[in-house]
Amino acid sequence: MAKQYVNTTINGDSHELLCDPTQTLLDVLRDQLDMTGTKEGCGTGDCGACSVTMDGVLVCSCLVMGVEANGKSIDTIEGMADGDDLHPLQQKFIDHIALQCGICTPGLLVASKALLEENPDPTEEEIRYWLAGNLCRCTGYHKVIEAVQDAAREMRGA
Amino acid sequence: MVRVDGPVRPSVIYKDIPFTENVNGEATLTDMRYEAPETLDAAVGLLAEESGVARVFAGGTDVMVQIHLDLIEPDLIVDVKNIAEMREVVEEDGSWRIGAAVTGKELMDNAAFNAAWPGVMDGVRLIGSVQVRGRATVGGNLCNASPAADSVPPMIAADAVASVIGPNGRRDVSMADIVTGPGQTSLEDGEIVVSFRLPKRPANSGDAYLRFTPRSEMDIAVVGCGINLMLDDGGTCTAARVSLGAVAARPLLVDDAANALIGTKVGDDAMEALAAAASAACSPIDDKRGTIEYRTEVAGVLAQRTAVIALERAKS
């Protein structure tokens with residue numbers, strides 16, 4: 001099939017693309033737009049490394065077709081920092097050493113940001129359930145939870 | 001979500017080899033068509049005209065996985081998310097109509113529906129992760145036809161009826177009659193599940209769903225149980241529906257288990273009869289998630305635990 005015209009907004013910027021229906025949104029981001037911050041882990045929606053938001057909803061970009069992004073607003077890890085100013089979650093992940101190899105980190109950050117937008121004061125249990133779809137094989141999660149809690153405190157001004 | 005044991009190749013091999021062949025030189029998807037019609041008639045027409053492999057596409061959390069693992073090679077994808085009727089959640093005189101392409105997250109965000117059918121939502125809330133529920137739909141969970149699908153037993157217990165449209169028109173199908181086996185449904189070629197109707201609930205009714213899994217999240221049911229029951233003013237059970245998942249080739253409606261509750265105050269004797277009937281209905285497989293003996297035993301215990309919650313909800 002001929003490629004399809006896709007007009008989408010990514011991190012606030014408008015993009016016009018031609019997408020093959022066999023491309024996932026993850027393929028489009030990484031291979032077509034060179035936005036390689038979003039990682040591919042499993043490619044089957046189990047690991048959360050490719051987490052992005054689409055119209056504000058947290059999704060695995062490996063399970064979204066690129067052509068579905070037409071008319072949608074996508075937010076990725078590349079849009080998280082404001083220039084050189086890191087998002088509080090990014091800074092707290094560094095402060096708490098909430099990463100080792102880092103491959104899961106963009107997905108964890110995007111997912112954590114979506115959590116705090118929905119629930120600015122999550123309990124440890126709520127954070128653990130929310131992040132259950134983001135697998136990390138290095139940190140043991142504990143430092144991730146601490147970083148998210150600390151960032152949430154800072155963002156609430158508490 | 002399906003987990004399928006199949007050839008999983010490192011994803012890096014796909015990079016710069018876009019969609020013509022993989023590193024083994026095997027042809028991969030080259031001319032899959034994507035259509036996103038805005039009417040049911042158009043969707044039915046597209047499916048009817050397609051001579052190759054077609055897939056109805058809503059949340060994509062199963063279809064995309066099957067494509068990724070080379071389990072299917074669709075010629076046509078019909079995205080049904082632009083069809084208004086499939087995306088609505090409507091209350092009509094106490095009964096509810098849920099579009100088959102409504103996502104789990106959208107249902108979770110619907111306070112009135114959560115209050116009306118908490119047991120259905122017990123199941124929906126257990127599907128996949130936050131990311132998966134942002135896309136996955138009850139219609140897809142049904143049509144993917146996993147015996148372990150979490151939203152199906154509570155929908156069967158709720159006596160939900162699916163509205164199905166296809167080349168021969170529209171028909172209603174009981175939720176319990178759609179899945180016929182793993183990956184198999186009674187739907188005919190070109191048929192689409194459009195929506196589900198859940199009946200008006202009488203006073204003093206309650207429903208619940210529990211699943212047993214080693215992990216509390218991101219896991220697949222070893223056993224699932226949905227129970228929906230109604231009490232009279234004196235607390236006697238007047239009607240009940242019990243459904244079991246993951247203990248047979250398809251989700252089961254277990255009349256004997258319901259009959260163990262009906263006419264009782266759901267006391268100890270009824271609970272024992274419920275467990276016995278639930279276990280008796282099982283014809284599970286042995287797999288890495290559980291043995292036949294284990295699943296059969298757990299089904300009885302889980303049915304009792306589910307009944308306790310449904311009973312509490314009926315009384316409150």
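**Sheets, core and contacts in a two-chain model**

In chain A of this predicted model, five strands make up an open sheet with mixed pairing, and their order is β2-β1-β5-β3-β4. At the edges sit β2 (13–19) and β4 (57–60) of chain A, each of which pairs on one side only. Going from one strand to the next, the twist averages 40°. Strand β1 (residues 4–10) of chain A runs antiparallel to β2(A), and seven bridges join the two. Within β1's pairing with its neighbour, A:V6 is found opposite A:L17 of β2(A). A helix also packs on this sheet: α3 (residues 105–118) of chain A touches β3 (51–54) and β4 of chain A, and its direction is at about 40° to that of β3(A).

Chain B has a sheet to look at as well. Here four strands line up in the order β11-β12-β13-β14, again as an open sheet, with antiparallel pairing. Strands β11 (205–212) and β14 (252–253) of chain B each have a single partner strand, so one side of each has no neighbour in the sheet. In the pairing of β12 (residues 223–231) with β13 (residues 237–245) of chain B, eight bridges hold an antiparallel arrangement. One of the residues involved is B:G226, whose bridge partner in β13(B) is B:S243. Helix α5 (residues 118–125) of chain B lies across β11 and β12 of chain B, at about 20° to β11(B).

Zooming out, chain B contains 11 helices and 14 strands. Its radius of gyration is 20 Å, close to the 20 Å that the globule rule gives for 316 residues, so chain B is as compact as a globular protein of that length. Taken along the principal axes, the C-alpha atoms of chain B fill a box of roughly 65 × 45 × 30 Å. Of the 316 residues in this chain, 50% count as buried. If the contacts in chain B between residues at least 6 apart in sequence are considered, 65% of them join residues at least 24 apart.

What about the inside? In soluble globular proteins, nonpolar side chains tend to be buried together. The largest nonpolar core in the model has 149 residues, and B:V223, B:A278 and B:A303 have the most contacts inside it. Helix α11 (residues 292–315) of chain B gives the most to this core, namely eight residues. Leaving aside residues up to four places away in sequence, B:A303 touches B:C225, B:I227, B:V242, B:A257, B:L274, B:A275 and B:A278.

The two chains also meet. On the chain B side, 26 residues are in contact with 27 residues of chain A. Elements of chain B that each supply at least two residues to this side are β1 (33–35), α2 (63–68), β3 (76–79) and α6 (130–133). Sorted by class, the side of chain B that touches chain A has 11 nonpolar, eight polar and seven charged residues.

Finally, some backbone angles deserve a look. Most residues other than glycine have a negative phi. Yet B:D70, which is not a glycine, has a positive phi near 60°. B:D70 is placed in the loop between α2 and β3 of chain B, and it is partly exposed, with 15 other C-beta atoms within 10 Å. B:A246 also has a positive phi, of about 70°, without being a glycine. This residue is in the loop between β13 and β14 of chain B. Is B:A246 buried or exposed? With 30 other C-beta atoms within 10 Å, B:A246 is buried.

Notes:
Residues are numbered from 1 along each chain as its sequence is written. Chains are lettered from A and ligands numbered from 1 in the order in which they are written. This is a predicted model: local features need pLDDT of at least 70, side-chain atom pairs count only at pLDDT 80 or more; totals for chains, interfaces and linings use all residues. A nonpolar core is a set of buried Ala, Val, Leu, Ile, Met, Phe, Trp, Tyr and Cys residues joined through C-beta atoms within 7 Å. A residue is buried if 20 or more other C-beta atoms lie within 10 Å of its own, exposed if 12 or fewer, and partly exposed in between; C-beta atoms are placed from the backbone. Two residues are in contact if their C-beta atoms, placed from the backbone, lie within 7 Å. Ala, Val, Leu, Ile, Met, Phe, Trp, Tyr, Cys and Pro count as nonpolar, Asp, Glu, Lys and Arg as charged, and the others, Gly among them, as polar. The radius of gyration is taken over C-alpha atoms; the globule rule is 2.2 Å times the number of residues to the power 0.38. Two strands pair if DSSP finds at least two bridges between them. Axes are lines fitted to C-alpha atoms, for helices over the stretch in contact, and angles run from 0 to 180 degrees between N-to-C directions.
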